[in-house]
Amino acid sequence: MNTKPTRTTITEPARDIPVLMNADVVVVGGGTTGPIAAIAAARRGKKVVLIERFGSLGGILTLGLNTKPSGTLLGGIPLEIWDLARSMGGAGDDYMATTKTGGVKIASPTDPEVMKMLLTRLCVQAGVQILFETFVSNPVVEDGAVTGVVIEGKGGRQFVGAKVLIDCSADADMAAKANAPFLMGSGEKEARMQPVSMYFIMKNVDLVRLAEWARTCDDVPARAIPADEAGLAYGLWLTGFNGMLRRFQEETGVRLQRDNITLKTADGQMYVNATRVLGIDVFSPEQFTAAILECYRQIEGVVRFLNERVPGFESSRLGQVSPILGVRETRHIVGEYTLTGPDSRGETRFEDSIAVDASALDIHDPKGGDVDFQSMPPYEIPYRCLVPQRVEQILVAGRCISADHEAHARSRNMPACMSIGQAAGVAAAIAIDEGTTVRRVPVAKVQAALREWRMPLHPEDIAA
């Protein structure tokens, strides 16, 4: 009989960790942001290692089935990739979506399987060393600067050295473990964070019937409906169904958690965004698992709603459920500058702008209210938002940059994240070339390099 008291900690013995390889730039996270950062640094001649915990690139864009950026892609590597997808039949034309505050130009959804292949191909062509199915457990910090990362995989625990680390983990995992300061969500003691959710696909949807019905339906106020049948494959986008959802729940007793749902097509398939789980600590394995199980429960209810209430879905069935949970908000690093709500409304011009973004304001209410999706003017993202305080030789790119809760509603969107990733890759390469830190990199040289890739940095640079 075991009479030992229940342990609350264990002691891990010290051990030597073998060095797997050394690189100029290590990018942690191969989701929406990381591949762009890796390609950008590699194209400037740097040895780049991209480390990804899954077996494919793209993250929420591909595995997560969230195929549509909530805005347009304005230039640089992001637009290059979308144009390649279009040339392969893996994306359609940009379209204008109507919202309560006007139109939002949105890049076409992409076929997630095509995008997985494209991201991998461009990384390999640029010379990026990808490490799939590899988890990064910790950064190594020496004398206040990151010198590499410890990885875990089938081969055990190993070290990858780096002159610069770019944290594209989405949750600022590396920056936080390197003791960079951060805030959770809204930054309050009881931090508010946008809820988690999970995409799924419906098969055998009659898109023509659905589009014809939606044109005259008052319950779908935000939408993009192609003028011809050919455009339905990538151009149908519908958001609303509030009244129908309310009546369905009242009449059936099925409890759902969102006031509205979004439908969009990619390669003729229907992608559904209709689940929501509030108040989840995604760093708790138990809560994370509970959120997945709750999403599964909600998906069953939404499938029934679509089959029974929405024209075009009568003979449809569930096709695929995302294997990953969609997390909108966790940590925000405290950087050299914090992007604010007024900044994200286009009220500020930054001398160190490294991207201009025209994404929609997209807030999923932390308290469970309706989604706030609005058209807004373009805004600028300064380089200082990528540079965390208190630790050197690390840049943060993606939705965990230094931004407040309000600004995050725009900067978390894919076009912004991809642009930020591109800037981080360029900045890392230039810092190495200049023999300086990423904190002190000459931003004017970073901006010049981005302009060479036709990346707008200010609203007036956006092509009409």
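In this predicted model, the buried residues of helix H1 are Gly34, Pro35, Ile36, Ala37, Ala38, Ile39, Ala40, Ala41 and Ala42. Helix H1 spans residues 34–43, and because nine of its 10 residues are buried, it is largely enclosed by the rest of the structure. What do the buried residues of H1 pack against? They pack against three strands, namely S1 (19–28), S2 (48–51) and S8 (156–167), and against three helices, namely H2 (76–87), H3 (112–126) and H11 (414–434).

One of these neighbours, helix H11, can be followed in more detail. Two packed helices are described by the angle between their axes and the distance between the axes. For H1 and H11, the axes come within 7 Å and cross at roughly 30°, and the crossing is right-handed. The contact is made on the H1 side by Ile36, Ala37, Ala40 and Ala41, and on the H11 side by Met418, Gly421, Gln422, Gly425, Val426 and Ala429. An α-helix has 3.6 residues a turn, so residues three or four places apart point the same way. With that rule in mind, the reader can look again at the positions of Ile36, Ala37, Ala40 and Ala41 in H1, which take part in the contact with H11.

The chain can now be followed onward from H1 into the strands. Just after H1 comes Gly45, which takes a positive phi of about 85°. In strand S2, Val48 and Leu50 point one way while Val49 and Ile51 point the other way, and all of these residues are buried. Strand S1, on the other side of H1 in the sequence, is mostly covered, since seven of its 10 residues are buried. Strands S1 and S2 pair in the parallel sense over four bridges, and along this pairing Val27 stands opposite Leu50 of S2, while Val28 stands opposite Ile51 of S2. Taken together, S1, H1 and S2 make a right-handed β-α-β unit.

Which other strands are joined to S1 and S2? Strand S2 is joined by three bridges to strand S5 (residues 129–131), and the two run parallel; here the bridge partner of Leu50 is Ile130 of S5. Strand S1 is joined by eight bridges to S8, again with the two strands running parallel, and in this pairing Phe159 of S8 is the bridge partner of Val19.

Elsewhere in the chain, helix H7 (residues 242–252) offers another set of buried residues, which are Asn242, Gly243, Met244, Leu245, Phe248 and Gln249. These buried residues of H7 pack against helix H5 (207–215), strand S12 (237–240), strand S13 (261–266) and helix H8 (285–309). H7 is followed by Gly253, whose phi is positive, near 80°.

A positive phi also appears in residues that are not glycines. Asn179, which is not a glycine, has a positive phi of about 70°, and its place is in the loop between helix H4 (173–177) and strand S9 (182–184). Gln393, likewise a residue other than glycine, has a positive phi near 60°, and its place is in the loop between strand S20 (379–382) and strand S21 (394–396). Is each of these two loop residues buried or exposed? Asn179 is exposed because its relative accessible area, 58%, is over the cut-off of 50%, whereas Gln393 is buried because its value, 13%, is under the cut-off of 20%.

Two single residues complete the walk through the model. Ser344 is found in helix H9 (residues 341–347) and is buried, with a relative accessible area of 1%. A polar atom of the side chain of Ser344 lies 2.7 Å from the backbone oxygen of Gly341, and, leaving aside residues up to four places away in sequence, Ser344 touches Tyr379, Glu406, Ala407 and Arg410.

Leu457 is found in the segment after helix H12 (443–452), and this residue is also buried, with a relative accessible area of 0%. Its C-alpha atom is separated by 9.1 Å from that of Asp352, although the two residues are 105 residues apart along the chain. Not counting residues up to four places away in sequence, Leu457 touches Ser353, Ile354, Ala355, Val356, Glu380, Gln447, Leu450 and Arg451.

Methods
Residues numbered from 1 in each chain as written. Heavy atoms only, no water. Buried < 20%, exposed > 50% of the residue type's maximum accessible area, 1.4 Å probe, protein only. Polar contact = N/O pair within 3.5 Å; in protein donor to acceptor, adjacent residues only side chain to side chain. Contact = heavy atoms within 4.5 Å. Pairing = 2+ DSSP bridges. Right-handed = clockwise from strand over helix to strand, strands pointing away. Axes fitted to C-alpha atoms, helices over the stretch in contact; angles between N-to-C directions. Left-handed = near helix turned anticlockwise from the far one by under 90°.
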